[in-house]
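Work through the following exercises with the sequence and the coordinates open, and try each task before reading its solution.

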Amino acid sequence: MPIETTYKVSAELAPAIQPGIRVEVPLRNKLYAGLISDVSEEKPTVEYSIKPIISVLDFEPIVDKLQFKLWRWMAEYYCCTMGQVMNMVLPSGLKLNSETLLKTSSDYLEQMDRLPDKEFLIAEAVSIQDKLSIDKVQEIIQQKTVYPHVRSLIDKGVIKIEEELKEKYKSKKVDFICLQARFRGEGFEEALKLCTRSQKQMDVLLALEDTTKKEPWISKLDIYELTGTNQSVISALVKKGILDIEKREVSRLKMYTGEIVPASPLSEEQKEATAAIRQLFEKKDQVLLYGVTGSGKTRIYIDLIQEQIEAGKQTLFLVPEIALTTQLIQRLQKVFGDDIGLYHSRMSNNERVELYHEARAGKPIFMGARSSLFLPFKNLGLIIIDEEHDPSYKQNDPAPRYNARDTAVLMAKIYDAKVLMGSATPALETFMNTIEGKYGLVKLLKRHGASVLPQIDVVDLRKSYESGEVRSHFSKELIDGIIQAIANKEQVLLFQNRRGYAPTIRCNRCNWAAECPNCDLTLTVHQYFEELRCHYCGHRKALIHECPDCGNHKLIKLGFGTEKIEDELRAIIPSARIARLDFDTAKTKSSYERILSDFEVKKVDVLVGTQMITKGLDFESISLVGILMADKSLSFPDFRAGERAFQLFTQVAGRSGRREKQGRVIIQTFTPEHDVIDETVNNNIQKFYNRELYERKTFRYPPYYRLIQLTLRHKTPLTVRETAKNLAATLRSKLGKRVLGPTQPGVARLRGMYIEQIMIKMEKDSHTIVQIKKYLAHCLRHMKQDKIMKSVRVTIDVDP
């Protein structure tokens, strides 16, 4: 884990030392790249011997003062270290690490004859190559575990080790070619005469003459594509002295090659909303754009981004998950082309470094998930947070466990920028900030164009099962609706927020169930792969067909997931073309895009999916959305369960009828009288907020109170239980009733670790919160001094 420590600076290096540059430093007998966060003239009072900085690695800072200010706030607010923030924020390509290299010692020859075979192979290779990395040793002896052999060779004095700092980022270089100066212009005819016997060489020269009138150098790969030639032809031209060839640095980032199209005109409602946002930005730094699904919020974003570009400022466009916003990305690229950079977790480390440098250089627009907050913006003017309510903006692991929406608000203050949050179902915290006047509020209450909000029907599953009108997990109303939509050449979305075939497999004779050996959970059935899987630790085993306890062959697959829905719907409507969109079918960006592409061109009639289908889909032919089991979302043991369910139902319902024809939504539930179901059906968001805020205030939950959740983990249940009791008692001695627990969570063991949780509820007074965090840090330091308790892993989650 990254740590913060102090080093001394020699007089020779002092002129180059400044915050934000990387330096080479020794730590625990290895070399590391450290990032300077502060420089002081005063010698600190520390118990250890202060070591010197070895060398400076950068000419210019890679982190500026504004970034450091954000990092310090995050470390303090989210109860972590600056090192943990740095480790998460910096692209790994900018982090250097120490590589262990093996070298021969001066008397290695005397020992060579007495070495075992594998040690001899290693020693011989080291002597030939002078220096050898551990990775190369593994290749040579074809074995992963090499340290016993290396240790033995060191002890025998055959080899020694040294550390070398290794740069992870490598710039991409490709071959470029050009005509030599004497063959350009009037000399081109002479070059052709030298190649009269080779048509392929003539083709290359003619292509160069045509394409290099402005820029003489062209990529060798581009010439291959233009002429269908190969390396041997280029080599022959170089050998004849006609072409020059050299390696040049190029970007790894993909260029937009599509057509640039002006944005469509704003509707009257959009014009009014845009004007209202501008007006509010004169008084407030944060504005919430509340717009029903399909109201055209993206078109307003485009106008505001264009204003920032004209003012010479940058825009950060945050989305919950970059992989789930393909349509949004394509729409923005059609307007802004290469002015927009995409930053996300599926980029290579080298691509991230290049985009990091482009942000510093002033590229106008960046779009990405929460990690894009930490790019080094040159002149940030606007942060747009699309679907600001989405729980994906909250990072759960590792530290800092930050909320990107809240961090963006603070970041905008540091950069003197504005924040626009958009959602059809704003988070309660955001909605509360508009009530208190902290944020401005602009509303779009009508769908764009001729589109209207869908009709929502509720099916009472209690009555459906009593009347025998349920086939598998589908009510008669839903089956009839699907058949009618397909007959009308329309499309259907079916939502079930559980992947896999069935949540568990159980014996109906002895009640045995397939359980995960590492977690207190049953294994999920994945029929297609013939496997049982744990969705938490990744454990998997072959599907069981016989009870291991009693030998019964009649095992029951209880419950249903997306895979089972897809399978059983095929049996009910054989003619339907059905696809599934969940984590199992869309693990890669290409597979996700392929599924959506098939749906867009109507190769698919019914798309079954998890919450992935609730985000950003805009297809004109979706006339029916089915929510198969609403009760699961409503009964989740979390104080935000009602809010999450309302948001999910409203968002997935909003995928229906996004053009002229009104869409339809069917919600299947055993509790049609539930408040959230009623509020969703009637699109009564104000009633939902009033009721939910009243309950939150009554039971002292956000947005009226702040929370810190402590999670303790240990492989021994007694150790974690006693440690949690002691920690809670210590906290309670000063914080009183603010401390709740310890308690076991719903899943008391995960990945082989037993879990206890402590919750701290705090008043929204900033001074009180700071004092509580300081006391918590003191208690955790004290806990780490105990021999037994220090082995317990504690994670701190602020605003869980």
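**Exercise 1.** Identify the side chain that pairs with Arg401 in a salt bridge, and decide for each partner whether it is buried or exposed.

*Solution.* In this predicted model, the side chain of Arg401 meets that of Asp397, with nitrogen and oxygen 2.8 Å apart. A salt bridge requires a separation within 4 Å, and the pair Arg401 and Asp397 at 2.8 Å satisfies that cut-off. Turning to accessibility, residues under 20% count as buried and those over 50% as exposed; Arg401, at 9%, is therefore buried, whereas Asp397, at 53%, is exposed.

**Exercise 2.** Locate the two partners of the salt bridge between Arg499 and Asp584 along the chain, and state how many residues apart they are.

*Solution.* Begin with the contact itself, in which the closest N and O atoms of Arg499 and Asp584 are 2.8 Å apart. Next, place each partner: Arg499 belongs to the loop between strands E20 (491–495) and E21 (504–507), while Asp584 lies in the loop between strand E26 (578–581) and helix H19 (589–600), so that the bridge links distant parts of the chain, 85 residues apart. Finally, consider accessibility, which is 19% for Arg499, a buried residue, and 11% for Asp584, which is buried as well.

**Exercise 3.** Explain how Asp303 and Arg299 are placed relative to one another in their helix.

*Solution.* The closest N and O atoms of Asp303 and Arg299 are 3.2 Å apart, and the two residues form a salt bridge. Both belong to helix H11 (residues 297–310), and because they are four residues apart there, about one helical turn separates them. An α-helix has 3.6 residues a turn, so residues three or four places apart point the same way. Arg299 has a relative accessibility of 7% and thus counts as buried.

**Exercise 4.** Determine whether the span of helix H14 agrees with its number of residues, and then describe its surroundings and its two ends.

*Solution.* H14 covers residues 404–415, and its 12 residues should span 16 Å at 1.5 Å a residue; the end C-alpha atoms are 16 Å apart, which agrees. The helix is mostly covered, with 10 of its 12 residues buried, among them Ala404, Leu410 and Tyr415. The buried residues pack against several elements, including helix H1 (65–77), strand E10 (286–291) and helix H15 (428–435). At the start of H14, a side-chain oxygen of Asn403 comes to within 2.9 Å of the backbone nitrogen of Arg405, and after the helix comes Asp416, with a positive phi near 60 degrees.

Key
Residues are numbered from 1 along each chain as its sequence is written. This is a predicted model: local features need pLDDT of at least 70, side-chain atom pairs count only at pLDDT 80 or more; totals for chains, interfaces and linings use all residues. Side-chain values use heavy atoms; hydrogens and water are left out. Buried means under 20% relative accessible area, exposed over 50%, partly exposed in between (1.4 Å probe, protein chains only). The expected span of a helix is 1.5 Å times one less than its number of residues. Contact means heavy atoms within 4.5 Å. A polar contact is a pair of N or O atoms within 3.5 Å; within protein, one must be able to donate a hydrogen and the other to accept it, and residues adjacent in sequence count only if both atoms are side-chain atoms.
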